[in-house]
Amino acid sequence: MIDLSSNHQERIEKRLEPVTFILSKGLMITYVSRESNLVERLIEKHGSELRHFEDIIAFATLMIYTHYINGLKEIKKQIDQLDAAARKTTENNELFNLADTERDMVYLDHTLKDQNLTVNHLMERKEFLDKLDNESLVYDIKLRQKFANKLVTIYRDLLETIGGLFSDMMDNNLNHLMKYLDSAALVVAVPSLIAGLWGINTGGLPGKDNTIGTILVFGLAVLVGILTAVYLSKKDFSKTK
């Protein structure tokens, strides 16, 4: 099995600690990593209930799933922060945090799926259950196992939704930017058209022989540009006929 340490400063992959039980008649060998405190915490919390080797394995399994549930609750806080950030900003830091959280969930998802095979096999062994003789403990193990797996599924779906929200927010911001740029280009284009028409080197244009013709054309171009800008600022482009 794989335990999850309580060191929240490390990444998930560094918090995963292998736990191995080798059981034979009259002997059980327990292997844990050097940094693990599972055995110490197991004795401290359930020492008075450890009568058989099967009790040690069962209570250790219960504690391991409890560690996963606690770790998932910490990730839920990160998911809530990402959800709030996705509604306000699309900064790179938040996107990096989203990627890191999704990465953690992938590790937890695959680890728990692999662990389910071991635990399910253990809970189906009649010899183990008979020696354990503790139906309430077996029920608690299965309940926490199911709860941990359910949390992983829910949180991965939430992260997928938040990722979609980030994408939608970026698309929306890009649409607003393009709308602004298109409007600015149109505001500049209309006065440019007027100035271009009066710049044609042909006869018959109004104000050709007027000493203030240039000022009048310039004033007309500015006025039309202002009217165009006012019209575009008040028009709701989201409405369709």
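Student: In which element does His110 lie, and is His110 buried or partly exposed?

Tutor: In this predicted model, His110 is placed in helix 4, and its relative accessible area of 46% makes it partly exposed, because that label covers the range between under 20%, which is buried, and over 50%, which is exposed.

Student: How far apart are His110 and Val152, in sequence and in space?

Tutor: The two positions are separated by 42 residues in sequence, while their C-alpha atoms lie 9.9 Å apart in space. For the chain as a whole, if one takes the contacts between residues at least 6 apart in sequence, 68% of them join residues at least 24 apart.

Student: What is the order of elements against which I should read such pairs?

Tutor: The chain holds 7 helices and 3 strands, and from the N terminus on they follow the order β-α-β-β-α-α-α-α-α-α. Of the 241 residues in the chain, 31% are buried.

Student: Which residues stand at the centre of the contacts within the largest nonpolar core?

Tutor: A core of this kind is a set of buried nonpolar residues joined through side-chain atoms, and here the largest one has 43 residues, among which Leu72, Met105 and Leu108 touch the most other members. At least two residues each come from strand 2 (16-24), helix 2 (38-46), helix 3, helix 4 (92-123), helix 5 (126-132) and helix 6, with helix 3 giving the most, namely 15 residues. Once its neighbours within four places in sequence are left aside, Leu72 is in contact with Met105, Leu108, Ala148, Leu151, Val152 and Tyr155, so Val152, whose distance from His110 was given above, is one of the contacts of Leu72.

Student: How should I read a charged residue such as Asp55, and is Asp55 buried or exposed?

Tutor: For a charged residue one may look at its cover and then at its partners. Asp55 belongs to helix 3 (residues 53-86) and is buried, because its relative accessible area is 0%, against a cut-off of under 20%. Its side chain reaches the backbone nitrogen of Arg51 at 3.1 Å, and a polar atom of that side chain lies 2.9 Å from the backbone nitrogen of His52. Asp55 also forms a salt bridge with Arg51, in which the closest N and O atoms are 3.8 Å apart, although Arg51 counts as exposed at 59% relative accessibility. Beyond four places in sequence, the contacts of Asp55 are Glu49, Leu50 and Leu132.

Student: How many salt bridges are there, and which residues are linked in a network?

Tutor: The structure holds 10 salt bridges, and a network of them links Asp109, Lys113 and Arg156. Another example joins the side chains of Lys126 and Asp130 at 2.9 Å, N to O; these residues are 4 apart in helix 5 and are therefore separated by about one helical turn. Lys126 is exposed at 60% relative accessibility, whereas Asp130, at 48%, is partly exposed.

Student: Where is Asp133, and what is notable about its phi?

Tutor: Asp133 is in the loop between helix 5 and helix 6, and its phi is near 50 degrees, a positive value in a residue other than glycine. Asp133 counts as exposed, at 63% relative accessibility.

Student: Which residues make the nonpolar patch on the surface?

Tutor: Leu174, Leu177, Met178, Tyr180 and Leu181 make a patch of about 500 Å². Leu177, in helix 6 (residues 135-198), is partly exposed at 44% relative accessible area.

Definitions and conventions:
Residues numbered from 1 in each chain as written. Predicted model: local features only at pLDDT ≥ 70, side-chain atom pairs only at ≥ 80, totals over all residues. Heavy atoms only, no water. Patch = residues over 30% accessible without salt bridge, like charges linked within 9 Å, V, L, I, M, F, W, Y side chains within 5 Å. Areas by Shrake-Rupley, 256 points an atom, 1.4 Å probe, with all protein chains shown as cover. Salt bridge = Lys/Arg side-chain N within 4 Å of Asp/Glu carboxyl O. Buried < 20%, exposed > 50% of the residue type's maximum accessible area, 1.4 Å probe, protein only. Polar contact = N/O pair within 3.5 Å; in protein donor to acceptor, adjacent residues only side chain to side chain. Contact = heavy atoms within 4.5 Å. Core = buried A, V, L, I, M, F, W, Y, C linked by side-chain atoms within 4.5 Å.
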